[in-house]
Amino acid sequence: MQVAVLGGGSFGTAIASIAADNGATVRQWLRDEALVDQINREHRNGRYLPDYPINESVVASTDLAATIDGAAVVFIAIPSKAFRDVLRQARGHLRPEQILVSTTKGIQAEGFKLMSQLIEEETGSSHIGVLSGPNLAAEIAQKQLTATVIASDDAVTRAYVQAALGCRYFRVYAGNDRYGAELGGSLKNIYAIASGMAAALGMGENTRAMLMTRALAEMGRFAEALGANPMTFLGLSGVGDLIVTCSSELSRNYRIGYALGEGRDLDQAIDALGQVAEGVNTVKLVCEKAREEGIYMPLAQGLNQVMFENVPVRDMAKALMESEQSSDVEFMLSREAVSEAHRLGPEA
């Protein structure tokens, strides 16, 4: 199989190396000529994965048309801000039968569009998928056992991606809720920031467990309101991705949160990271959408206040602990039922 990877970041590089390990002919497109030369000469991405070798058969290029030509599967690993621009550059070189897979966990502000929706708008392809799951690039580069989801309503897309990437250390599971899987990958970045903040404040494991569980409730509530299947969040692209990004110092969003918890402002935290953390933009967009749709998301709204409204971290944490005690699993006992019981009072 011939595979193209658009993007030279850590995850795009890891995906290129996995496909090559699995026997595919792999071309990787980057804008940076110096980084292209380094990958081809040293088989190493010194900017994003400096300590890990890349499969020697990966060929990097600045020629977008040549990279795409002949590929059965095109993985698009471009930060959300540049995603549509790259699609517009690429679409003249794409063929209808090619499979297009987004690996980007972000949201476009205009119209609240996910990346696979941009692919659909710009290309009209019927073979679109989303790759999402607990996939820290550094661990993948170490060939540690990892699993992911290819979510698509197109069976051909699912089968091709499983064939392209499924190997002894990278397991690829199939799902058909593309929108839900993609939402999970974007939403969990919010709570990874919150988890990093909690860790910096010295909060314990009970707090972390509570935070992740209530985060999952918010994610499911938001996704259902926007038409996704909340059951998707029980899988790798939901709870699996949430656990790893809320627990690991390898997570860029976790590190942003940790820096905020240490007392740095947002600009300082971003500068210290030196990479794109999609969760920073996602917090604001999701909170705006939640307000528009009337979706209850206290964790996300509290984080938004810290990041963009200068509310002190400890004040936000205190406010969240004093918020209403509602239902645990809302698909079994609704928030409305609990609120009604409180209104009537214990004697009722």
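This report describes helix packing, salt bridges, buried residues and loop positions in one structure.

## Basis of the model

The structure is a predicted model. Residue numbers start from 1 along the chain.

## Packing of helices H9 and H14

Two packed helices are described by the angle between their axes and the distance between the axes. Helix H9 covers residues 205–225 and helix H14 covers residues 298–308. Their axes come within 8 Å and cross at roughly 105°. Because angles of 65 to 115 degrees count as roughly perpendicular, H9 is described as roughly perpendicular to H14. On the H9 side, the contact is made by Leu-211, Arg-214, Ala-215, Glu-218 and Arg-221. On the H14 side, Pro-298, Leu-299 and Ala-300 take part.

The loop between H13 and H14 holds Ile-295. This residue is buried, with a relative accessible area of 10%. Not counting residues up to four places away in sequence, Ile-295 touches Arg-221, Phe-222, Ala-225, Leu-226 and Ala-290. Arg-221 is thus named both among the contacts of Ile-295 and in the contact of H9 with H14. The C-alpha atoms of Ile-295 and Leu-216 are separated by 14 Å, and the two residues are 79 residues apart along the chain.

## Buried residues in helices H10 and H8

Helix H10 spans residues 236–247. Its buried residues include Ser-237, Gly-238, Gly-240 and Asp-241, and also among them are Leu-242, Val-244, Thr-245 and Cys-246. The buried residues of H10 pack against two strands, S10 (128–132) and S11 (146–151). They also pack against the helices H8, H9 and H11, the last of these covering 252–261.

Helix H8 contains Ser-186. With a relative accessibility of 0%, Ser-186 counts as buried, because that value is under 20%. Leaving aside residues up to four places away in sequence, Ser-186 touches Lys-105, Gly-106, Ile-107, Leu-114 and Thr-282.

## Salt bridges

Side chains of opposite charge can pair when their charged atoms come close. The structure holds 16 salt bridges. One of them joins Glu-120 and Arg-178, at 3.2 Å from N to O. Glu-120 lies in helix H5 (residues 115–123) and Arg-178 in helix H8 (residues 178–200), so this pair ties together parts that are 58 residues apart in sequence. The two partners differ in burial: Glu-120 is partly exposed at 41% relative accessible area, whereas Arg-178 counts as buried at 15%.

A further salt bridge lies within helix H13 (residues 278–293), where the side chains of Lys-289 and Glu-293 meet. The N to O distance is 3.7 Å. Because Lys-289 and Glu-293 are 4 residues apart in this helix, they are separated by about one helical turn. An α-helix has 3.6 residues a turn, so residues three or four places apart point the same way. Lys-289 counts as buried at 19% relative accessibility, while Glu-293 is partly exposed at 43%. Elsewhere, salt bridges that share partners join Arg-84, Arg-88, Arg-91, Lys-113, Glu-121 and Glu-122 into one network.

Arg-95 and Glu-97 also form a salt bridge, in which the closest N and O atoms are 2.6 Å apart. Arg-95 counts as partly exposed at 32% relative accessibility, and Glu-97 likewise counts as partly exposed, at 48%.

## Loop residues with positive phi

Phe-112 is a residue other than glycine with a positive phi, near 50°. It lies in the loop between strand S8 (107–108) and strand S9 (113–114). Phe-112 counts as buried at 9% relative accessibility.

Lys-143 has a positive phi of about 65° although it is not a glycine. This residue is placed in the loop between helix H6 (137–141) and S11. Lys-143 is partly exposed, with a relative accessible area of 31%.

## A nonpolar surface patch

Met-1, Val-156 and Tyr-160 make a nonpolar surface patch of about 250 Å². Of these residues, Tyr-160 is found in helix H7, which covers residues 155–165. Tyr-160 is partly exposed, with a relative accessible area of 37%.

Methods: Predicted model: local features only at pLDDT ≥ 70, side-chain atom pairs only at ≥ 80, totals over all residues. Heavy atoms only, no water. Patch = residues over 30% accessible without salt bridge, like charges linked within 9 Å, V, L, I, M, F, W, Y side chains within 5 Å. Areas by Shrake-Rupley, 256 points an atom, 1.4 Å probe, with all protein chains shown as cover. Salt bridge = Lys/Arg side-chain N within 4 Å of Asp/Glu carboxyl O. Buried < 20%, exposed > 50% of the residue type's maximum accessible area, 1.4 Å probe, protein only. Axes fitted to C-alpha atoms, helices over the stretch in contact; angles between N-to-C directions. Parallel < 35°, antiparallel > 145°, perpendicular 65-115°, else oblique. Contact = heavy atoms within 4.5 Å.
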